[in-house]
Amino acid sequence: MLKEIEDIKAKYPDTRAALLPALYIAQKEFGWLSLDAMKAVANALNLPESDVRGTASFYSMFRLKPAGRNLIQLCTNISCMILGAERLRDLLKDRYGLLPGGTTEDGRFSLVIMECIGACGTAPAMLVNTDLYENLTEHNIAEILGKYK
Amino acid sequence: MITLTINGKKVVVPVGATILEAALQNGIEIPNLCYDKRLSPYGACRLCVVEVEGQKKLLAACSTPVTEGMEVKTETPKLFKARQTVLELLLVHHPLDCPVCDKAGECKLQDLAFKYCSTKSRFKGEKKHELVDTGSPIVERNSNRCILCGKCVRVCGELQGVGAINLLGRGFASKISPAFEETLDCEFCGQCIDACPVGALGSKPYKYSSRAWFLEAHDNICPYCGVGCTVTYDIRDGKIIRAKGIEGKGINEGNLCVKGRFGFDFIYSKTRLKTPLIKEGDGFKSASWEEALNHIAKKLKAIKDANGADAIGAIGSPRCTVEDNFMLRKFMKDVIGSDNIDSSARFGYAKIQRAVEMSFGLESLPVDFNSPLGKEAILIIESDITSTHPVWGLNFLKAQRKGSFLITADTRETKLTRHSSQWLRLKPGTGTALLNGIIKIAFDEGLYDKEKASRISGLSFLSDGVKDYTSKKVSDITGISEDIFINTAKRFLKAGSRLISLTIGTSEDTKGLNTALAAANLLLLIGEGPASLQMPAEYCNTFGMWHQGLRQGRSGRDIISMLYGEDTVKALYIMGENPAVTFPDASTVDKALRGLDFLVVQDIMLTETAKLADVVLPAASWAEKDGTFICAEGIEQKVQKISQTEGEPVPDWQILRNLSRAMGFEVGAKDISALQDEINEIKTAERTAETIFNPVEYIPGEVPDADYPLTMITGNLMQHSGALSVMSRSLSHVLADAFLQISNADAEKYNVRDEGFVKVASRRGSVMVKARISDEVPQGSVFLPVHFPHAKINTLTHLSLNGEAPLSAVKIEAVK
């Protein structure tokens, strides 16, 4: 991870500018941004820890709590909402006990409600880890999630 | 220049100014909560909105640059309404606990609400209910009152270079906090307190002590370092209860460090001397002034009669005023008839002065606190300027931020090394070798000013003198890799404008006369003048004391001869100095002091030295007398009596005048102005400036060996200054004990636990301190701050007399 951050640093005029990509690298490495992960980033970039935590706590795409093995990001913006995203959200809660921002007991899934994914024409849509799924229904979502252990 | 109209008035301002700056420069107030002259524009509070002709939207004056012919209106009904709404929204969340808020009466939000708001609000919202952070020693944070203007965050990060706090979270949940919501643990400079427009950040010692409108503000000069900051002291019932910096005021332009802001309370210490004391048996008895002065007069006369005037010496103080030191000199010359007078500057500033005389033939360096700004390359040699001269240190950080290439050569990690463009982590005390190496590269690569250098005598000696300092050798001595050394040296030499800065203080052991000479050699060689060498005087009046003649007279004896020689003096008169703690090689000093026939100490407290005295005289502190300090820039600044005194302390100069009278001499000095007139009449001898190269060798200090394997670095902490600041209660809340800083590797090697006690021994003695494990020091070196009297760190140190750095080798042993 430190090597990767070192490489990314070279692409930016100063280390503060490299903070967002560095946080992504750390999140990819650990699954979420623990206190130690943020301290490591601060150290690698020679930035105050308060800058790192401030930035990480501002953006919703950084996870400050331990996350499950697979991250579901469900869009509930207008097109997805009209086409049933809220029903899907309820389904995740009923069937998996998964609340927005939460993690299943077995640590298999975490759920984040995300802002528009840019798939309005094929709504509702979600990301599982980095895979995009469109035209979701109550039937196919179970099948899709079945692929992730 | 740009011409624009504000409220119908034509104004002319420089290109790049913002509307707010243009308005302020012309005496037009625009309300704001987040603007600070020292910081870059932020635009958070939206109160400074103005109307600009031709623009549909309201513009934030703080972040809109002026353009030619712009027509600005700062007070219109539309703006009034906009500001009213912003304030109304702020007040939805603000707790309105003004009756118990220290800020009430001087709160910007309160003032603006008074001007703009009605008593009714159209909005309903939640208040915050965070716990108040009362855990930190002197700064208290109440985030419920916070309006999230972000000024404290920017002052801390941008100006102070610390970044202890930041905005966490987003939306209503956002708050200002240390990184992980822990208790604040920072430098405690308190700059955030002055910056906070509301009562979210406050001074803990000041809390609940007064309403703002009962305070009387008085400006005075700070009693700590050589920067000479103007501090605004708030007085109630004759007592200082708070210190603050006012934007733009003084050399410091309103900036203060932790010592200046919180350290004034040493004058209210319970241990202040109230009456003269005369030794009786093992203790002291209280005496009247008359009794004490007559006793001293009789004793000094007897010693003078028996042993001659040369058996009597005096030590002055860089913490006392010009008038005090002048009077001490006058007393010694006219009344005693001796030139034996010196001060602690012998161990620090005297070395700087010697180098300046030898290299430039000048009486003093043109020290300028703005000198780092705009320099292309800056080289700092083993000096933690942000600790010794904190407010000046800010200008080095600023220079770096604005594009200067800042090279910091230091063994320890400091705030400067963290902000450096290049940190050269050299071995302690090897700065001279580093500088000699750069000189050699300049010769080898032709990177020097041939024309100017050839006109300076000693050029060939210099090139001969450095010919052994090959990059390989420099790398071996300093421990810096050869590549990094060569690249950094060339970067410095090729820069368009260059500056070298270092401090030589009484308590620092990594530099000596040779370091200063080597720096002067390098600068002269590359065509730079004395203004490029910034070596400031250490304390509030070190400069004034030195230049008003308080160094040993031509025929007199210096401190080394008076205290360390075979034939020490018989009687000593010490004013405002604590040699038993602050002078190197404490055991020798202690022996000399105990061996005296007669010792007089005049001080504000019963110091370790005063405890050894035959007579102790209570002196007035800096805030209890009128006088003059001369700061490191050479600027004379008046100090004033602003605080009442308990007991019977008297200003130092008056004690000496009264003593002269008791000895039967009329020395004039009827009052302070008569004394000042006398001082002003003295003309300092003109010197003919002559530049000379003085080649120097790198002489190692005590080299670590099998018996004493570690190098001890002594120095200053940000929160302390000499042995004075430890008498401050507030500063002691932050740091009250000496400690040994040791690397993880060495801690493991010597079985040292964090916070565990260790015995540290040098060839001269041993002390016991707590350990702090930190990789701010590398393996092989340990760091010890010298401020704390009980630790007696100077038991371990020694004198350096050959121009070398007085480094000591030590061994450590963990105490079970």
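Accessible areas here come from the Shrake-Rupley method with a 1.4 Å probe. On that basis, chain A exposes about 8,100 Å². Carbon and sulfur atoms supply 53% of that area. The model is predicted.

**Chain A**

Chain A holds seven helices and four strands. Their order along the sequence is α-α-α-α-β-α-α-β-β-β-α. The C-alpha trace spans about 50 × 35 × 25 Å along its principal axes. Chain A has 149 residues, and 43% of them count as buried. Take the contacts in chain A with a separation of 6 or more: residues 24 or more positions apart account for 59% of them. Chain A carries 17 positive and 18 negative charges. The mean positions of the two sets are 2 Å apart.

**Three residues of chain B**

The table places each residue in the secondary structure.

| Residue | Place in chain B |
|---|---|
| Arg319(B) | loop between strand S15 (312-315) and helix H8 (322-336) |
| Phe331(B) | helix H8 |
| Arg346(B) | loop between strand S16 (341-342) and helix H9 (349-360) |

Start with Arg319(B). This residue is buried, yet has no salt bridge. How far away is the nearest side chain of opposite charge? That side chain belongs to Glu577(B), and the distance is 7.1 Å. A salt bridge needs a side-chain nitrogen of Lys or Arg within 4 Å of a carboxyl oxygen of Asp or Glu. The side chain of Arg319(B) does reach a backbone oxygen, that of Tyr224(B), at 3.3 Å. Tyr224(B) is also among the contacts of Arg319(B) beyond four places in sequence. The others are Pro223(B), Tyr539(B), Cys540(B), Phe629(B), Ser721(B), Gly722(B) and Leu724(B).

Next comes Phe331(B). Its relative accessible area is 1%. Phe331(B) therefore counts as buried, since the cut-off is under 20%. Which residues does Phe331(B) touch, not counting those up to four places away in sequence? They are Leu300(B), Ile336(B), Tyr573(B), Leu656(B), Leu659(B), Ser660(B) and Met663(B). Ser660(B) is 329 residues from Phe331(B) in sequence. In space, the two are 6.6 Å apart, C-alpha to C-alpha.

Last is Arg346(B). Is this residue buried or exposed? Arg346(B) counts as buried, because its relative accessibility is 16% and the cut-off is under 20%. Its side chain makes a polar contact of 2.8 Å with the side chain of Asp342(B).

Definitions and conventions: Residues numbered from 1 in each chain as written. Chains lettered and ligands numbered in written order. Predicted model: local features only at pLDDT ≥ 70, side-chain atom pairs only at ≥ 80, totals over all residues. Heavy atoms only, no water. Helix = DSSP H or I, 4+ residues; strand = E, 2+ residues; numbered from the N terminus. Buried < 20%, exposed > 50% of the residue type's maximum accessible area, 1.4 Å probe, protein only. Contact = heavy atoms within 4.5 Å. Lys, Arg positive; Asp, Glu negative; His and termini not counted. Charge placed at Lys NZ, Arg CZ, Asp CG, Glu CD. Polar contact = N/O pair within 3.5 Å; in protein donor to acceptor, adjacent residues only side chain to side chain.
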